[in-house]
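Q: Please take a close look with me at how the chains sit together, and explain the terms for a beginner. Which residue of chain B comes closest to the rotation axis?

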Number of protein chains: 2
Amino acid sequence: MKKLINEPKTVVNELCKGMIEANPNLLAYDEENVVISRKVKKRNKVFLISGGGSGHEPAHAGYVGPGMLDAAVCGDVFASPSVMQVYNAIKENHSDKGVLLIIKNYSGDVMNFENAADLAIEEEEVKVDSVIVNDDVAIEKKEDRRGVAGTLFVHKIAGAAAEDGASLEDCKRVAGKVIRNVRSMGVALKACTVPARGKPTFDLEADKIEMGVGIHGEAGIRRDKWVSVDEMAKVMTDKILKDLPFKSEDECALMINGFGGTPLQELYILNNEVKQILNREKIRVYKTFVGNYMTSIDMAGASISLLNLDSELKKLLSSYSNTVAWKEF
Amino acid sequence: MKKLINEPKTVVNELCKGMIEANPNLLAYDEENVVISRKVKKRNKVFLISGGGSGHEPAHAGYVGPGMLDAAVCGDVFASPSVMQVYNAIKENHSDKGVLLIIKNYSGDVMNFENAADLAIEEEEVKVDSVIVNDDVAIEKKEDRRGVAGTLFVHKIAGAAAEDGASLEDCKRVAGKVIRNVRSMGVALKACTVPARGKPTFDLEADKIEMGVGIHGEAGIRRDKWVSVDEMAKVMTDKILKDLPFKSEDECALMINGFGGTPLQELYILNNEVKQILNREKIRVYKTFVGNYMTSIDMAGASISLLNLDSELKKLLSSYSNTVAWKEF
């Protein structure tokens with residue numbers, strides 16, 4: 001393993017410091033339990049808090065700022081933050097309007113975020129509610145589906161509602177609408193290397209790909225032969241389209257997300273393929289996002305996320321946001 | 001070689017299409033010789049044109065838009081665009097105020113851009129001038145130095161001046177000021193794979209790094225042992241600081257640039273190290289940029305660029321820009 005690091009155990013703390021150094025809008029108020037929050041904290045709005053394991057940079061700290069999250073709770077690499085980290089985040093970031101937790105559907109995250117919510121409700125008398133994102137169509141059973149890159153549409157859209165002054169109930173309603181209408185699917189060409197482990201999380205033959213991967217270095221739902229990007233795009237997009245299902249004349253937001261080790265040129269080529277498929281299906285794309293939004297350290301590969309929009313979601317998706325990784329103006 | 005592509009020979013055309021599909025502000029007006037320009041072209045401003053070989057995405061097309069470039073000429077992967085491509089870009093993107101070409105210091109680029117300028121001056125009666133960027137301190141001789149990530153500061157700052165209505169002479173003056181004051185240095189942990197070649201451009205042992213690499217897959221100035229990021233940061237930053245030289249109380253812009261295959265977490269860790277070094281040297285950082293700005297396909301590694309600022313450069317650096325890869329507002 002060769003990486004630009006000092007030692008595996010300081011990776012999360014040092015990356016958070018490096019992110020804060022680069023962005024005057026961010027601060028960490030807790031050196032131990034790395035939590036990053038906005039400098040402007042005393043505002044009468046619903047506070048949005050997300051987080052999870054690290055290794056998904058720029059998620060989630062890169063989405064903290066006006067129009068999106070108020071705080072991100074950063075666990076160790078691919079490990080849920082602790083109940084106390086999440087509790088501290090709520091304690092330091094809330095208003096009378098309440099707090100909405102945006103949780104990706106992993107048992108550790110769900111348990112720790114929900115326990116922290118219960119504790120904060122009891123100890124701090126804060127209104128706290130939560131939503132669970134499960135956009136990954138690689139998994140058949142809905143309740144087992146992982147939260148992946150589609151989560152960022154929840155941050156963006158619920159964040160815009162909160163910034164507009166929406167109530168906790170309304171932020172939760174609009175977040176729920178995004179969750180019901182977003183679907184994602186990922187493919188890996190190369191596994192990632194977790195710093196503390198020092199070797200790839202799985203071995204992949206030179207001519208093979210992992211179809212249906214998540215974002216924690218786990219293998220996909222099956223090992224396929226490496227094919228050209230038009231065929232890969234077809235397999236992935238078909239799975240997404242049939243799941244909701246999306247239909248002709250639907251208007252969508254599209255995210256082509258790199259897993260961290262994929263060059264941008266390949267993401268644009270994938271976007272070109274997905275766009276052609278959607279054109280054939282007469283599905284309109286209102287807005288497209290291409291880049292490293294929800295990574296899996298240095299995994300090579302990409303995911304496709306598609307969100308079906310209505311006029312409310314379109315408006316919120318186009319609202320102002322000024323975060324490290326998502327600027328809209 | 002496993003990539004998200006169809007075939008090597010269509011990579012540049014398809015990535016440009018994918019980029020344009022994602023960004024309604026961009027258009028290609030020449031399918032064969034891929035040139036990307038802004039949709040709103042008829043304006044009385046100095047037009048800024050850059051480009052070069054592809055493989056550096058988001059450079060340069062990702063910097064086309066308000067406040068930065070007016071057009072990007074995309075050559076084949078790591079190959080200069082042709083004279084006719086650059087000539088066509090000038091022909092389609094100019095005003096009476098003239099055109100400034102921003103060229104990275106590679107013999108092919110310099111020759112083709114300058115020949116195209118001569119042709120356009122003769123055939124189109126356009127005022128055309130050019131600047132050559134050579135920020136890479138890995139090379140000792142100034143005239144041989146390559147243009148690397150520091151080029152983006154030229155795009156940004158000359159772009160802001162042009163947007164403000166500056167004359168061609170003034171745009172060239174301010175671009176020249178950036179070029180005199182910016183220095184960069186890169187390191188590679190893994191070589192890149194050019195699609196048409198199908199294998200890494202050099203082999204690197206498991207415990208070795210290439211210090212002083214450029215952005216075209218060439219080896220660096222020497223092969224070092226892999227060390228921790230604090231030591232790498234020191235070697236690179238020292239070389240940069242001594243070259244200008246930068247001195248105590250200078251105020252700078254810092255870019256930590258990923259080469260395409262480096263996870264964002266490592267770039268933030270590198271930023272944390274560089275910031276500590278600059279703090280010790282009492283060099284102030286006015287603005288920091290961390291991300292994949294000037295890549296080398298899927299190379300793992302990063303470069304550090306430092307630009308010494310005065311009040312004019314600070315103002316221009318903070319001006320509005322709205323491009324795919326650089327949004328400032």
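**Around the axis**

A: Of the residues of chain B, Gly261(B) comes closest to the rotation axis, with its C-alpha at 2.1 Å. Keep in mind that this is a predicted model, in which local features need pLDDT of at least 70 and side-chain atom pairs count only at pLDDT 80 or more, while totals for chains, interfaces and linings use all residues. Residues are numbered from 1 along each chain as its sequence is written, and chains are lettered from A and ligands numbered from 1 in the order in which they are written.

Now for the axis itself. A turn of 180° with a shift of 0.0 Å along the axis lays chain B on chain A with an RMSD of 0.0 Å (a least-squares superposition on C-alpha atoms of residues with pLDDT of at least 70 in both copies). The two copies are therefore related as by a two-fold rotation axis. The same surface serves both of them, as 100% of the contact residues of chain B recur in chain A.

How many residues take part? On chain B, 45 residues are in contact with 45 residues of chain A (C-beta atoms, placed from the backbone, within 7 Å). Looking at the chain B side, you will find that α1 (11-22), α6 (229-243), α7 (264-280) and β11 (284-291) each give two or more residues (DSSP runs numbered from the N terminus: helices are H or I, at least four residues, and strands E, at least two). The largest share, nine residues, comes from α7(B). By character, this side of chain B has 21 nonpolar, 13 polar and eleven charged residues (nonpolar: Ala, Val, Leu, Ile, Met, Phe, Trp, Tyr, Cys, Pro; charged: Asp, Glu, Lys, Arg; polar: the others, Gly among them).

Next, step inside chain A, where the domain assignment gives domain 1 (9-180) and domain 2 (182-328) (the bounds come from an automatic or database assignment). Their centres, taken over C-alpha atoms, are 22 Å apart. Here 38 residues of domain 1 are in contact with 41 of domain 2. On the domain 1 side, α1 (11-22), α4 (151-163) and α5 (168-181) of chain A each give two or more residues, and α4(A) has the largest share, nine residues. That side divides into 22 nonpolar, nine polar and seven charged residues.

Finally, α4(A) and α5(A) also meet each other: Phe153(A) and Ile157(A) are among the residues on the α4(A) side, and Val174(A) and Val178(A) among those on the α5(A) side. Their contact has eleven nonpolar residues, no polar ones and one charged residue.

Methods:
Contact = placed C-beta atoms within 7 Å.
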